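Hi,

Here is the structure I promised to pass on. Have a look at it first, and then read on for what turned up in it.

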Amino acid sequence: MNELACFVRRLAASAFIHHPSKVLTQATLNTPHCIAMDSLYNNHRRYHHQQHRHHSLTPNSCLLAILLITRSSVGPTLTFHYPPRPRLDSPQSLASRRGLADNSSSSSSSSSGDEDDVVSESSKKKAEVKAGSAGVDTILGFRAEFLAGMLAPKQQGRFEMSVDDVVFLGQPVHVRPDGTWRQEAEVGESEEASDATPFEPSEQETAAAAKTRGVKPGHSEQQQQQEGDADADDERDDDGDTVKGSGTMNMFHVVFVLNPPELEYHFRTAEMFDYVVKRFSRALKYEQARDGYVWRETEKISRLKEQAAQKDTSVGDLWRQILDQSNLAYAISCVYRDISQSKIAHVLLNNQLAVSLQIPIVSEIAVLPSLTDPQVPGLPLTTANSFGDEETEGDAMLAKHFTLLFLEDVESILKDIQAEATDSSASLAHFVKSCKPTHSFLQISQHCGIPLHEMQILARHLVHWRKARAIPPIHQRDTYIVSPNADLKRLPSLIPQYAKTFPTLPALPKMLSLLSGKPKPFATFIPSKDHRGAYLEILTWLIRYGLVTQLRNFAWVKIPIAIKMAVHKERQMQMSPQPPVPIEDDVDEKLDEESYILEPSRASGIESAWLEMCTRHQPQDVKTLFERMLKYLNGQHALEKIAVREGISRKEVRKVLNAMDGVLVYAKHW
């Protein structure tokens with residue numbers, strides 16, 4: 001089977017292959033030794049699986065409800081749950097079962113939906129359950145008393161229980177034998193250490209990142225160490241039925257109720273526990289140890305329930321009162337609404353501790369999903385991935401040559417930063433104002449004076465909190481096409497927005513039509529030098545909404561028959577005075593067929609002879625640069641990054657590629 005032909009079919013209509021400047025014909029494809037080009041597809045497929053190993057392609061939490069279980073001297077109680085009436089057939093659970101989620105829906109719409117639930121409850125007082133005993137007698141088909149007993153374990157650590165399609169996931173927090181909730185060393189920390197808590201950034205990150213409601217710092221190494229200490233503390237805690245403090249509560253347990261698809265059970269529960277359950281429980285444990293926050297809120301909710309029972313208050317009205325008066329109940333409702341919509345949940349516990357929770361989502365993909373994979377139209381499609389979320393990820397050499405593409409208006413991001421000013425807010429605001437999608441981090445650093453290392457910390461901070469995406473700088477000489485994964489169903493809503501942003505420039509359908517033709521450098525679409533800035537802004541807008549992606553160049557070395565014959569004759573002449581001796585690597589080579597060198601940097605003896613023959617009549621500077629560039633000519637590296645990696649100009653790269661054009665085959669791919 002012709003492997004190159006298979007590869008071409010895989011690339012579909014948006015990948016263009018030419019040699020050297022025209023599309024390959026079927027006759028060209030019917031050549032042996034052409035499996036080299038298949039390495040491009042396989043390499044991107046491998047990266048795709050590695051990239052998504054710890055992140056979900058489809059943003060979906062499978063979250064049905066959040067329950068607060070407490071245990072005191074009188075036994076376990078289901079103190080609070082949200083939403084008031086969780087349903088197995090809720091829109092979130094239906095999406096979970098189908099493996100689909102609407103990433104464009106906002107958390108505000110989710111909020112309004114839940115509020116409508118409460119209002120509709122209130123409008124049907126005659127038909128609903130009154131708040132006499134526990135607000136709601138049954139939850140997801142289970143009696144409240146049964147759930148309270150089942151979800152109040154004496155064991156420490158992760159709690160996970162499956163009942164039919166429902167999973168109960170949590171991390172119970174028990175009082176220590178001495179009546180405290182944390183070790184003395186943890187409780188007795190200095191004031192500034194306690195203010196930092198395990199949920200705020202380290203000193204290094206604080207110096208470089210803002211702590212705002214819309215833009216929260218990520219978790220630092222110091223935090224991870226503190227969380228590790230807390231894990232060890234949990235293992236040392238005892239159940240402790242007698243309590244010397246915090247009233248009579250000896251355990252609390254925030255339980256997340258899920259219904260993940262069967263094939264994604266382990267993955268969904270693991271990411272929910274690691275990113276949400278564990279961190280939320282730690283935050284509550286910290287506040288409970290500090291001033292009895294959880295117990296105080298529990299008593300407040302219990303009093304509201306008792307008053308509602310006496311007044312025969314409806315469930316809807318009761319839950320509205322609880323959310324208005326209980327900070328903890330309101331925080332639980334916010335976590336439910338935002339996490340169930342794959343948003344970032346920002347909550348303020350005890351009116352003091354700011355906590356941000358999210359399940360990381362994939363911000364871009366390297367290959368198109370197959371027919372059996374979840375489809376996420378509009379997700380950016382690119383293989384330019386040299387800037388990771390973490391400092392240890394990506395290509396450090398290339399990272400400084402990336403830049404940020406803001407996913408929101410700069411004014412909106414600056415308002416979020418100013419909403420809660422900190423010592424580091426000024427640095428972050430200065431960086432946001434200075435960052436341009438047409439300039440690399442290195443260029444911005446040199447221009448605005450922000451140290452490059454600090455700038456990359458700020459950039460990763462914004463990427464982590466979904467305010468921006470790292471991309472190669474947008475350049476007019478690069479080629480861009482309509483993304484094969486573009487969500488064209490959004491065009492009716494995007495056209496008015498585009499027209500408002502660019503009223504005097506070509507309409508959105510016109511720009512997409514231009515970029516759908518034969519791939520050309522973007523500069524060919526710019527009418528004049530005066531229009532360059534405006535058209536680059538259009539291109540930035542199109543990339544932000546996932547409508548357009550960069551088309552990059554990949555290359556392989558192909559040895560023509562003439563070169564192979566010349567090397568063979570030369571070797572035969574060198575051997576002629578001596579008895580015939582088999583030449584290494586030359587015995588099995590077919591001289592009447594072209595050959596591809598899969599790894600030029602690790603060429604065999606005969607392949608090295610071919611490469612030497614290819615450059616024999618080239619100038620010395622071309623020979624030297626070509627040898628440096630060989631490791632990129634295996635179809636796995638975009639030619640655009642050679643100049644950066646090797647510290648040479650684009651002009652020199654083009655000179656070498658033009659000189660060696662006869663032995664190179666190119667593929668254009670995102």
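One cut-off before anything else: a residue is called buried when its relative accessible area is under 20%, exposed when it is over 50%, and partly exposed in between. Ser-340 comes out at 7% relative accessibility, so it counts as buried. Please keep in mind that this is a predicted model.

**The chain as a whole**

The chain has 670 residues, and 53% of them count as buried. You will find 27 helices and 17 strands in it. The surface that the chain exposes comes to about 30,800 Å², with carbon and sulfur atoms supplying 52% of that area. If you take the contacts in the chain with a separation of 6 or more, 75% of them are between residues 24 or more positions apart.

**Helix H14 and what surrounds it**

I'd start with helix H14, since Ser-340 sits in it. H14 covers residues 327-340, which is 14 residues. From the first C-alpha to the last, H14 reaches 20 Å, close to the 20 Å expected at 1.5 Å a residue. How many residues of H14 are buried? The count is 13 of its 14, and the helix is mostly covered.

Ser-340 also gives you a long-range pair to look at: its C-alpha atom is 9.1 Å from that of Ala-65, although the two residues are 275 apart along the chain. After H14 comes Ser-342, with a positive phi near 60 degrees.

H14 also packs against helix H12 (residues 293-311). Their axes are 8 Å apart and the packing angle is about 95 degrees, which means that H12 is roughly perpendicular to H14. On the H12 side, the contact is made by Tyr-293, Val-294, Glu-297 and Ile-301. Asn-327, Leu-328 and Ala-329 are the H14 residues that take part. Sorted by class, this contact of H12 with H14 has five nonpolar residues, one polar and one charged.

**Another pair of helices**

Next, go to helix H21 (residues 508-515) and helix H22 (residues 532-544). Their axes come within 12 Å and cross at roughly 85 degrees. H21 and H22 are therefore roughly perpendicular to each other. Which residues make the contact? From H21 they are Leu-508, Met-511, Leu-512 and Leu-515, and from H22 they are Tyr-535, Ile-538, Trp-541 and Leu-542. The contact of H21 with H22 divides into eight nonpolar residues, no polar and no charged.

**Backbone spots to check**

Most residues other than glycine have a negative phi, and most peptide bonds are trans. With that in mind, here are some places to click on.

- Tyr-82 and Pro-83 are joined by a cis peptide bond, with omega about 5 degrees. Pro-83 lies in the loop between strand E3 (75-82) and helix H4 (91-98).
- Asp-164 has a positive phi, near 60 degrees, and is not a glycine. You can find Asp-164 in the loop between strand E6 (159-163) and strand E7 (166-170). Its relative accessibility is 76%, so Asp-164 counts as exposed.
- Asn-350 also has a positive phi near 60 degrees in a residue other than glycine. Its place is in the loop between strand E10 (345-349) and E11. Is Asn-350 buried or exposed? At 14% relative accessibility, Asn-350 counts as buried.

**The loop between E11 and H15**

The last stop is the loop that runs between strand E11 (353-357) and helix H15 (396-399), where you will find Asn-385. Asn-385 is partly exposed, with a relative accessible area of 26%. Its C-alpha atom is separated by 9.6 Å from that of Ile-365, and these two are 20 residues apart along the chain.

Leu-379 lies in the loop between E11 and H15 as well. This leucine is buried, at a relative accessible area of 9%. Between the C-alpha atoms of Leu-379 and Ser-363 the separation is 6.8 Å, for residues 16 apart along the chain.

That's the tour. Over to you!

Note on methods: Residues numbered from 1 in each chain as written. Predicted model: local features only at pLDDT ≥ 70, side-chain atom pairs only at ≥ 80, totals over all residues. Heavy atoms only, no water. Helix = DSSP H or I, 4+ residues; strand = E, 2+ residues; numbered from the N terminus. Expected span 1.5 Å × (residues − 1). Buried < 20%, exposed > 50% of the residue type's maximum accessible area, 1.4 Å probe, protein only. Contact = heavy atoms within 4.5 Å. Areas by Shrake-Rupley, 256 points an atom, 1.4 Å probe, with all protein chains shown as cover. Axes fitted to C-alpha atoms, helices over the stretch in contact; angles between N-to-C directions. Parallel < 35°, antiparallel > 145°, perpendicular 65-115°, else oblique. Nonpolar A, V, L, I, M, F, W, Y, C, P; charged D, E, K, R; others polar.
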